[in-house]
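Got the sequence and the 3D view open? Here's a quick briefing to help you find your way around.

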Amino acid sequence: MSIRAVARDAYGEALGVLALSAVGGLFAGVVLGGMERELTVVPGLLVLVPALLATRGNVYGSLGARLATGLHQGLVEPDLSLDDDRVRAAVTAAMANGVAVSAVAAVLGYLVLLGLGRPAAPLPGLLVVALVAGVLSGVGLTVVVVVAVFLGYRRGMNPDTLAGPVVTTTGDVIGIATMLAGARVAIALGVT
Amino acid sequence: MPENWTVRGIIRATFPLLVGLTLVELASGLVLDTGQEILTTYPSLLTLVPVTIGMAGNLGSVLASRLSTALHLGTLGFDARDDELAGNALATIALGLTLFPLVGAGAWVVQFALGGLVLPLTTVVVVATASGVVLAVLAVVVAAAATYAAYRFRLDPDDVVIPVVTNVCDVLGVVVLLTAVELFV
């Protein structure tokens, strides 16, 4: 293929998916844009934003990829009742990973801010944000990923190409909205 | 291992990489934190943060996944004149040029609708577009370098390259966006 043909092919394949995830990202941005108060009251919250958003993509993107591979190999059935041991293990592992990595991000973020002498909310405050966001986004994204991959597969779509865009589109919105919820809980508990 | 479907097996295989990637993302968070004042002053800039990070990561991961497929198929050569490499690089830059101006306009429109408007439309579009062009070029460099490294060290590019490229591009997204904000706002 010539350079031009390769470029046209690559451009056409990616444009739709990227545009869709840009729309998701803008929604997430609107929520973040409305969080000025929480960002000021909980110093260090902004430091956690990229880490917590990336964790959503990394953990639940990999859950989607794993389920897609399992479907292709005939290891799992596209059954939404979660009776399947493998599906249950994959979902449990993803939730545990998501919550644990969020907590790790809060602790490491706090320590780095402390080390640099930058303002940081007390550790319990940042941990509450990370854990509340980790649990809520875990539940939300698990539902989204499992439903999209299984229903898409039942309708004859390739779950491999479905999982990635679904996670990138919804992950940022769910990630930021649940961080906002976590920040509100932390503020209400008075641990900031 | 996809065949290993126990909770313990999955966590053991993925947790160390997740912690490593979290460290990379915290670096990006620290950079973001230095811009907190200007970002919270202008909500339309804060609106650009997730979408810029996301788009940078997506451009990198789409390119990395195409390059690693080409590598598996044996159609990729690491030469600037290689059709597969140059064509994909060109497409990445064209995608950045198409989408980032729209993203900037979108961020301005939603803040306009919410009444949180302080910056002119052109400023937000210029910030988004300038960030997008630079990020597309950086995504090409990072994705090509990481795929080449995977090829040299005989790693499966699908396992390692995509998460690394996505997360490195996330960090670059924040750095480039804040630089553009400093320059144009």
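Let's begin with a bit of helix arithmetic: helix H5 of chain A covers residues 123–154, and at 1.5 Å a residue its 32 residues should span 46 Å. The end C-alpha atoms of H5(A) sit 45 Å apart, which agrees. Keep in mind that you're looking at a predicted model.

**The two H5 helices**
- Chain B lets you repeat the sum: its helix H5, residues 121–152, also has 32 residues and an expected span of 46 Å, and the end C-alpha atoms are 46 Å apart, so expectation and model agree.
- What comes just after H5(A)? There you'll find Gly156(A), with a positive phi of about 85°.
- H5(B) is followed by Arg154(B), and the phi of this residue is positive too, near 55°.
- A handy rule for looking at helices: with 3.6 residues a turn in an α-helix, residues three or four places apart point the same way.

**A residue to find in H5(A)**
- Phe150(A) belongs to helix H5 of chain A.
- Is Phe150(A) buried or exposed? Its relative accessibility is 0%, so it counts as buried, the cut-off being under 20%.
- Look around Phe150(A) and, beyond its neighbours within four places in sequence, you'll see contacts with Leu67(A), Leu71(A), Glu77(A), Pro78(A), Asp79(A), Leu80(A) and Val87(A).
- Phe150(A) and Ala68(A) are 82 residues apart in sequence, yet their C-alpha atoms are 8.5 Å apart in space.

**Chain A overall**
- Chain A is built with six helices and zero strands, giving the pattern α-α-α-α-α-α along the sequence.
- Its C-alpha trace spans about 55 × 45 × 25 Å along the principal axes.
- Of its 192 residues, 50% count as buried.
- Residues 24 or more positions apart make up 79% of the chain A contacts that have a separation of 6 or more.
- Chain A carries 11 positive and 11 negative charges, and the mean positions of the two sets are 6 Å apart.

**Chain B overall**
- Chain B has six helices and zero strands.
- The C-alpha atoms of chain B fill a box of roughly 50 × 45 × 25 Å.
- Chain B has 185 residues, and 52% of them count as buried.
- The accessible surface of chain B is about 7,900 Å², with 68% of that belonging to carbon and sulfur atoms.
- On the charge side, chain B has 6 positive and 13 negative side chains, with the centres of the two sets 13 Å apart.

**The nonpolar cores**
- The largest nonpolar core has 81 residues, and Leu45(A), Leu39(B), Leu48(B), Val49(B) and Val165(B) have the most contacts inside it.
- Helix H3 of chain B, residues 43–73, gives the most to this core, with 14 residues.
- Zoom in on Val49(B): leaving out residues up to four places away in sequence, it touches Leu32(A), Leu32(B), Leu39(B) and Leu177(B).
- There's also a second, separate core of 23 residues, including Tyr60(A), Val76(A), Ile174(A) and Trp5(B).

**A buried acid in chain B**
- Asp170(B) is found in helix H6 of chain B, residues 157–184.
- Why does Asp170(B) count as buried? Its relative accessibility is 8%, and buried means under 20%.
- Not counting residues up to four places away in sequence, Asp170(B) touches Ala54(A), Glu25(B), Ser28(B), Ile53(B) and Gly57(B).
- Gly54(B) lies 116 residues from Asp170(B) in sequence, but 6.8 Å away in space, C-alpha to C-alpha.

How values were computed:
Residues numbered from 1 in each chain as written. Chains lettered and ligands numbered in written order. Predicted model: local features only at pLDDT ≥ 70, side-chain atom pairs only at ≥ 80, totals over all residues. Heavy atoms only, no water. Helix = DSSP H or I, 4+ residues; strand = E, 2+ residues; numbered from the N terminus. Buried < 20%, exposed > 50% of the residue type's maximum accessible area, 1.4 Å probe, protein only. Areas by Shrake-Rupley, 256 points an atom, 1.4 Å probe, with all protein chains shown as cover. Lys, Arg positive; Asp, Glu negative; His and termini not counted. Charge placed at Lys NZ, Arg CZ, Asp CG, Glu CD. Core = buried A, V, L, I, M, F, W, Y, C linked by side-chain atoms within 4.5 Å. Contact = heavy atoms within 4.5 Å. Expected span 1.5 Å × (residues − 1).
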